[in-house]
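Me: I would like a close look at one part of this structure, the protein surface that faces the DNA. Please take the helices and loops there one by one, and then set them against the rest of the model.

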There are 2 protein chains.
Amino acid sequence: MSQDGTGVDLETSLGYLLKEASSVLRAAMEEVLRPLGMTVTHYACLELLAQRPGLSNSELARGAFVTRQSMNVLLQNLEREGHVTRPAEAPVGKVLPTRLTPRGRRSLEKATAAVRSVEVRMLAGLTEADQAAALRILRSMIRSLRDGDGGA
Amino acid sequence: MSQDGTGVDLETSLGYLLKEASSVLRAAMEEVLRPLGMTVTHYACLELLAQRPGLSNSELARGAFVTRQSMNVLLQNLEREGHVTRPAEAPVGKVLPTRLTPRGRRSLEKATAAVRSVEVRMLAGLTEADQAAALRILRSMIRSLRDGDGGA
DNA sequence: CTTTGCGTGTCAGTATTCTGACACGCAGCA
DNA sequence: TGCTGCGTGTCAGAATACTGACACGCAAAG
């Protein structure tokens with residue numbers, strides 16, 4: 001298909017590989033989440049809420065790597081579908097703490113299992129040491145990027 | 001800001017970390033590309049063309065992890081701005097081989113420098129061995145995910 | 001030579017996300 | 001006490017990407 005005559009260092013760029021891995025992972029997650037009627041962002045939001053109940057819209061947005069606005073429309077959908085609840089009035093300030101409903105928790109269970117199977121598949125062929133190294137390396141990358149981002 | 005009382009294993013999930021790293025990397029790239037009037041997908045397309053001249057729209061799309069349709073509108077923009085050229089007639093079949101113009105090559109140079117600086121910053125704190133390990137691990141993840149994707 | 005499969009470019013419509021901007025509430029400081 | 005900085009929720013508009021569908025051309029199989 002490709003002329004493959006000039007195959008260069010695109011495949012040796014960690015940045016490109018990172019994007020590729022993330023893209024493939026997202027596609028794989030979408031594939032297993034679709035039968036459940038969920039998107040990746042849906043799942044991320046629910047998982048976040050399960051692990052940290054009472055998160056605000058903005059905090060959820062940061063955790064799912066989208067903007068507050070996007071997360072807000074997502075939360076409205078989830079609320080309408082009965083997966084999450086938000087108080088009509090802010091208990092303090094303007095923050096509306098969000099919580100999972102039993103129904104949301106139930107659909108999250110299936111999604112979590114599906115996603116976990118994808119992650120297991122992704123890690124097949126990697127030793128424990130590899131996974132530990134990956135964790136350390138990715139954290140280092142994130143920290144280095146963040147330091148320069150907000151700092152300078 | 002967060003109640004940080006339930007800090008769970010979100011930070012130990014390689015999938016989440018992968019998404020986080022990719023997100024931070026993309027943000028950092030957008031930040032340095034914005035002054036140049038380019039987006040990440042713009043840059044990816046140009047870089048792809050520099051390394052593999054004559055790529056088709058579909059091949060470009062696959063390389064930049066977007067759909068053919070999205071890449072097509074991007075190419076139309078780039079063509080209108082004089083960064084790339086596509087023959088009006090397909091030399092063979094329907095494939096329209098795309099090439100960089102001198103102007104496109106020039107703006108790519110600045111972008112490449114900017115992006116490279118981001119990648120260097122990302123890799124700060126990592127040894128050569130770490131980088132080699134990251135390459136190997138990411139490739140393994142991609143392959144494992146792909147095998148299960150299209151195969152099963 | 002005909003036919004089937006595959007990849008491609010393209011059109012139309014939809015959905016999702018983002019950027020920009022506004023007002024509000026809390027915390028710290030003079 | 002009054003004020004400034006910061007974070008938040010929300011509204012509106014625009015940009016971007018995606019899904020679905022169509023016709024065309026090449027290549028392999030009959």
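Reply: What follows goes through the surface at each DNA strand, then the helices and loops behind that surface, the contact between the chains, and the confidence of the prediction.

This is a predicted model. At DNA strand C there are 21 residues, and the nearest of them are A:Val66, A:Ser70, B:Ser56, B:Asn57 and B:Ser58. Three elements give two or more residues to this surface: α4 (68–80) of chain A, and α3 (57–64) and α4 (68–80) of chain B. The most comes from α4(A), with four residues. By class, the surface near DNA strand C holds seven nonpolar, 10 polar and four charged residues.

At DNA strand D there are also 21 residues around the strand, and here the closest are A:Ser56, A:Asn57, A:Ser58, B:Val66 and B:Ser70. At least two residues each come from α3 and α4 of chain A and from α4 of chain B. The surface near DNA strand D divides into six nonpolar, 11 polar and four charged residues.

Next, the helix α3 of chain B. Six of the eight residues of α3(B) are buried, so this helix is largely enclosed by the rest of the structure. The buried residues are B:Asn57, B:Glu59, B:Leu60, B:Ala61, B:Gly63 and B:Ala64. Their cover includes α2 (40–51) and α4 of chain B. B:Asn57 thus appears twice, as one of the buried residues of α3(B) and as one of the residues that come nearest to DNA strand C.

B:Asn57 also has a partner from further along the chain. B:Leu96 is 39 residues away from B:Asn57 in sequence, yet the two C-alpha atoms are 7.1 Å apart in space. B:Leu96 sits in the loop between β1 (84–85) and β2 (99–100) of chain B. Leaving aside residues up to four places away in sequence, B:Leu96 touches B:Ser56, B:Asn57, B:Arg86, B:Pro87 and B:Ala90. Of these, B:Ser56 and B:Asn57 are among the residues that come nearest to DNA strand C. B:Leu96 has 18 other C-beta atoms within 10 Å, and because a residue needs 20 or more to be buried, B:Leu96 counts as partly exposed.

The turn that follows α3 has a backbone feature in each chain. Just after α3(B), B:Phe65 takes a positive phi of about 65°, although B:Phe65 is not a glycine. B:Phe65 lies in the loop between α3 and α4 of chain B. With 18 C-beta neighbours inside 10 Å, B:Phe65 is partly exposed. In chain A, A:Phe65 likewise has a positive phi of about 65° without being a glycine. A:Phe65 is in the loop between α3 (57–64) and α4 of chain A, and A:Phe65 is partly exposed, with 18 other C-beta atoms within 10 Å.

Behind α4 of chain A is a helix packed across it. The axes of α2 (residues 40–51) of chain A and α4(A) come within 11 Å and cross at roughly 80°. Angles of 65 to 115 degrees count as roughly perpendicular, so α2(A) is roughly perpendicular to α4(A). On the α2(A) side the contact is made by A:Thr41, A:His42 and A:Cys45, and on the α4(A) side by A:Met71, A:Leu74 and A:Leu78. These residues divide into four nonpolar, two polar and no charged.

Both chains contribute to the surface at DNA strand C, and they also touch each other. The contact between them takes 49 residues from chain B and 49 residues from chain A. On the chain B side, α1 (14–33), α5 (102–123) and α6 (128–151) each supply at least two residues. The most comes from α6(B), with 16 residues. The side of chain B that touches chain A is made up of 24 nonpolar, 14 polar and 11 charged residues.

Last, the confidence. Chain A has a mean pLDDT of 88, and 91% of its residues reach 70 or more. Confidence in chain A is highest in α3(A), at 95, and lowest in helix α6 (residues 128–151), at a mean of 87. Residues 1–7 of chain A have a pLDDT below 50, and this stretch has seven contacts in the model beyond near neighbours in sequence. Where pLDDT is low, the predicted coordinates should not be read in detail.

Conventions: Residues numbered from 1 in each chain as written. Chains lettered and ligands numbered in written order. Predicted model: local features only at pLDDT ≥ 70, side-chain atom pairs only at ≥ 80, totals over all residues. Contact = placed C-beta atoms within 7 Å. Nonpolar A, V, L, I, M, F, W, Y, C, P; charged D, E, K, R; others polar. Near = placed C-beta within 6 Å. Buried ≥ 20, exposed ≤ 12 C-beta atoms within 10 Å, placed from the backbone. Axes fitted to C-alpha atoms, helices over the stretch in contact; angles between N-to-C directions. Parallel < 35°, antiparallel > 145°, perpendicular 65-115°, else oblique. pLDDT = per-residue confidence, 0-100.
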